[in-house]
Amino acid sequence: MKKTKIISILSVFLCLTLVLSACSAAPASNGGSAPAKTGIVPGDYLGVGDGRNGQIVVKVTLGADSIDAIKVISEKETYNTGSVPIQKYPDLIVQNQTLDLDVVSGATISSFAFLNAVKNAITQAGGDPAKFTGKVTTEVPHEDSTADVVVVGAGGAGMTAAISAANEGKKVILLEKLGILGGTSNYSIESFGAIGDKTHVALGSDVTADEQAATLTKQNPKGTAEAFSVLTHNNGAAADWLRSIGAQLPVASGQISSTASREVGEFGNAIVSALKAECEKAGVDVRINSKATELVMKDGAVDGIKVSTKLGDYTITAKAVVIASGGFGANKDMVVQYAPELKDYRSSCSSGATGDGHQMAQAVGADLKNMDYIRVNFTYTTAENGYFYYMGSLFNTGAIFVNKDGQRFVNDQGGYGVGPKVVAQGGSGWAIFDNSLVAGVKDVREYEKLGLFVSANSIEELADKIGVNKENLVKTINNYKGYVANGKDEEFGRAMLNMTFDEAPFYASPMTCRVQGTFGGIDTDVNTQVLKADGKPIPGLFAAGECANVGTWGANPAAVNIVFGRIAGQNAAAYIK
């Protein structure tokens, strides 16, 4: 009897020990479920991946051998680009039980970061992410087909052209080789030049279209007065049209410009989001991951276009094609061909800006003009992980720019014209500023959190840390403080003089030039008809946006995209009639 009791007590103790051991091994949220053959302990786990603008955090609900749910807890990826895989992947992963998804072209960093976050959660649960395999494609196969109008490139100009043609009752196919829409317009933070739109009329702006056309012609002597006149007489209507389709552009930045408020988000996001929604509303057949490769000609006129996809190639027969494929800033070979001095420079534009449209048009006789007009911007910094960030807000709120010798050599607010001067001095330098920017400007605080700055308690210490001439930097700062006190930049004529350099700590951020855009291209008239070298149009072929040499010489690209995108779509539709 006594022996039986002892055995019973030991049995109970052993069972309690096993139960307690199992509970201590499981996460608090999963109720202590035992791992299955995959090694996963079921429950909820937080996974983290390093995104483009910070960490992507997801909550992954795991079963014994399944991914049951994925919820995004936090992320700061760029809307309409990095946000695309974040929106698409959760359902694809759960529905197909695989992490073997195609990377969203144009959002590579965010794609990998999201998948890594999910893998991180699975690993925490004791599972092996590699077991969740099985190729899934979201591609739709297409056969040879017909359309009235084909538009190549789904950026601001391309989507606008497609909508305009569709609104004329035409069957429109919009081709985009990346997995996202918006092109370089996604990254636009500028404003939209608009004259005579409802917002500025209500505010009493008295600038006329003719006056602004004359101003632009004077500022851009290599442009044409005709193109600037078309732009300024149509940009007000274009701004009102954007607002009518949902683009929130409530801020009047001066007498001729509109932009998005900070609550809405970046300017480009507001426009791209509205255009995407309007494409769907207008019935445009949007085909992503579809690369146009060759124009089809018949009797000297456009007769269609060839398309390449992962699932195969096909041909679309169409009587009109609008090329809106963007510039060629992301094509290093083409950049070097026209600007050898930019051989070692990277780009900041859309990864899809590789000159495909230029080459297709040239192959059928189009003339390419002003191809050496390549815009370089010096306001980019590169983090340790290789990601680059646009830092224009530093200079727009007070920072100065010095070279490797610690000296200013350009107007820090000089805009696009400064880039070539920076390239001539090696292509890099330092933004210098004090704590007032970190304390007072949201964007700058975000940059500081990302570890993009070097800081010090004195200018001398800062010079030592960044390796520039100490005496020169101290002298530069003292001279600049004098300009601020007197209200005049005696050296370079900078307008904003607010950086007093009296609030430690002091900061420096390394700046490097990048190719931002290309503004020569396929020669067109103001009706967007593509022209041959003899000035005659190629029947049925139109071009708009950054790929087109229409005569606006890079002035206000956002407005040019919409104004001439509308003209291209309307004229392509009219040509078919």
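**Exercise 1. In which hand, left or right, does α2 pass α3 when they cross?**

Before you start, keep in mind that this is a predicted model.

*Step 1.* Find the two helices: α2 covers residues 83–96 and α3 covers residues 108–124.

*Step 2.* Look at how they cross. The crossing of α2 over α3 is right-handed, and that settles the task.

*Step 3.* Now add the geometry. The two axes come within 10 Å and cross at roughly 40°. That angle makes α2 oblique to α3, because roughly parallel would need an angle under 35 degrees.

*Step 4.* See who touches whom. On the α2 side you'll find P85, I86, Y89, P90 and I93, and they meet S110, S111, F114, L115 and V118 of α3. Sort these contact residues and you get 8 nonpolar, 2 polar and no charged.

**Exercise 2. Work out how α4 and α8 are oriented to each other, and which residues make their contact.**

*Step 1.* Pick out α4 at residues 156–166 and α8 at residues 267–282.

*Step 2.* Check the packing: the axes lie 9 Å apart, at an angle of about 30°. An angle under 35 degrees counts as roughly parallel, so α4 and α8 are roughly parallel to each other.

*Step 3.* Get the hand. Here α4 passes α8 in a left-handed crossing.

*Step 4.* List the contact. From α4 come G156, M159, T160, I163 and A166, while α8 brings V272, L275, K276, E278, C279 and A282. By type, this contact splits into 7 nonpolar, 2 polar and 2 charged residues.

**Exercise 3. Take strand β1 and say which residues sit on its covered face, then trace its link to β2.**

*Step 1.* Start with a general idea: in a regular strand, side chains alternate between the two faces of the sheet.

*Step 2.* Apply it to β1, residues 43–51. G43, Y45, G47, G49 and G51 make up the covered face, and D44, L46, V48 and D50 the uncovered one.

*Step 3.* Move on to β2, residues 54–62, which runs antiparallel to β1 and is joined to it by 9 bridges.

*Step 4.* Follow the chain across: a hairpin of 2 residues connects β1 to β2. G51 has G54 of β2 as its bridge partner.

**Exercise 4. Zoom out: how many helices and strands does the protein have, and what share of its residues is buried?**

*Step 1.* Count the elements: 17 helices and 25 strands.

*Step 2.* Take the share: of 577 residues, 52% are buried.

*Step 3.* Finish with the overall dimensions. Along the principal axes, the C-alpha atoms fill a box of roughly 110 × 70 × 50 Å.

Definitions and conventions
Residues numbered from 1 in each chain as written. Predicted model: local features only at pLDDT ≥ 70, side-chain atom pairs only at ≥ 80, totals over all residues. Heavy atoms only, no water. Buried < 20%, exposed > 50% of the residue type's maximum accessible area, 1.4 Å probe, protein only. Helix = DSSP H or I, 4+ residues; strand = E, 2+ residues; numbered from the N terminus. Pairing = 2+ DSSP bridges. Axes fitted to C-alpha atoms, helices over the stretch in contact; angles between N-to-C directions. Parallel < 35°, antiparallel > 145°, perpendicular 65-115°, else oblique. Left-handed = near helix turned anticlockwise from the far one by under 90°. Contact = heavy atoms within 4.5 Å. Nonpolar A, V, L, I, M, F, W, Y, C, P; charged D, E, K, R; others polar.
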